[in-house]
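Colleague: Hi! Could you walk me through one helix pair? I have the picture open.

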Amino acid sequence: MANHRVSGHLVPDAVSGHVALEIANTRAGWGGPSPREYLVSYDALAVWAGDVGLLSTYETRRIRALGSASPRVAQRVLDEVLALRESWYAVATSPWGERPFPRADLDVVGAAAARAVAESRLVPRADSRVLPDGGDLSSAGLRLPANRVALAAYDVLASGDVAHVGRCAGHGCGWLFFDPTHRRHWCIMAICGNRAKARAFAERRRSERRGAERRGAERLGLP
Ligand SMILES: [Zn+2]
């Protein structure tokens, strides 16, 4: 968990190694009692999407202006992206190979990807793949970031990379990252890894202290 400020918004640092997983990291504390939300407005969504490269600088600037001109539509798209993020997180963290994906969540991702493809043009890319682009400002309008997120998620599913998604073991984190070696534990070692070490150290000290107190009480014959 770490962040930086862009255009007046706090955005999470990109640590996952895969743009599709960055959307999961726009929330911290997955499954915990007090999650931290980065996508607090449509404008924050647009700035985040520009920061991770899902929108160009021009698209980000234009879509922020469009969003502030149509706040109700913008809010609907934000709600859609948050629901998509929820389902995508469930799919991406489903223990691959042990049980099927959560069907309803997979269908949410599928429907979002299908709509994104319908609003797309096919565009050749530098890696020789020809992929749907999620549309542009005139075809997708305010839904452009939603489309790009859905297509990025679908790309992870279609490529099989979903089998290599890791989840940070840090307390109150739950961020995702691409982990082909399956040996990474932390989103950021210097933050979640060190916090876990500090917690383990404190816990060890507490149990040592409790043990010493118990032994002291036994010597004195106390109950
Ligand atoms: Zn973490």
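Colleague: At what angle do the axes of helix α4 and helix α6 cross?

Modeller: Keep in mind that this is a predicted model. The axes of α4 (residues 71-92) and α6 (residues 144-159) cross at roughly 15° and come within 10 Å. Angles under 35 degrees count as roughly parallel, so α4 and α6 are roughly parallel to each other.

Colleague: And is the crossing left-handed or right-handed?

Modeller: α4 passes α6 in a left-handed crossing.

Colleague: Which residues meet there?

Modeller: From α4 there are V77, E80, V81, L84 and W88, and they meet P145, A146, V149, A150 and A153 of α6. That contact has 9 nonpolar residues, no polar ones and 1 charged.

Colleague: Switching to α6 alone, how many of its residues are buried?

Modeller: 12 of the 16 are buried, so α6 is largely enclosed by the rest of the structure. Among the buried ones are L144, N147, R148, L151, Y154 and V156.

Colleague: What covers them?

Modeller: The cover over the buried residues of α6 includes the helices α1 (19-22), α2 (42-51), α3 (57-69), α4 and α5 (103-118), along with strand β6 (130-132).

Colleague: How far apart are the end C-alpha atoms of α6?

Modeller: They are 22 Å apart. At 1.5 Å a residue, the 16 residues of α6 should span 22 Å, so the two values agree.

Colleague: Last one: what follows α6?

Modeller: G160 does, and its phi is positive, near 85°.

Definitions and conventions:
Residues are numbered from 1 along each chain as its sequence is written. This is a predicted model: local features need pLDDT of at least 70, side-chain atom pairs count only at pLDDT 80 or more; totals for chains, interfaces and linings use all residues. Axes are lines fitted to C-alpha atoms, for helices over the stretch in contact, and angles run from 0 to 180 degrees between N-to-C directions. Helices (H or I, at least four residues) and strands (E, at least two) are DSSP runs, numbered from the N terminus. Angles under 35 degrees count as roughly parallel, over 145 as roughly antiparallel, 65 to 115 as roughly perpendicular and the rest as oblique. A crossing is left-handed if the near helix is turned anticlockwise from the far one by less than a right angle, and right-handed if clockwise. Two residues are in contact if their C-beta atoms, placed from the backbone, lie within 7 Å. Ala, Val, Leu, Ile, Met, Phe, Trp, Tyr, Cys and Pro count as nonpolar, Asp, Glu, Lys and Arg as charged, and the others, Gly among them, as polar. The expected span of a helix is 1.5 Å times one less than its number of residues. A residue is buried if 20 or more other C-beta atoms lie within 10 Å of its own, exposed if 12 or fewer, and partly exposed in between; C-beta atoms are placed from the backbone.
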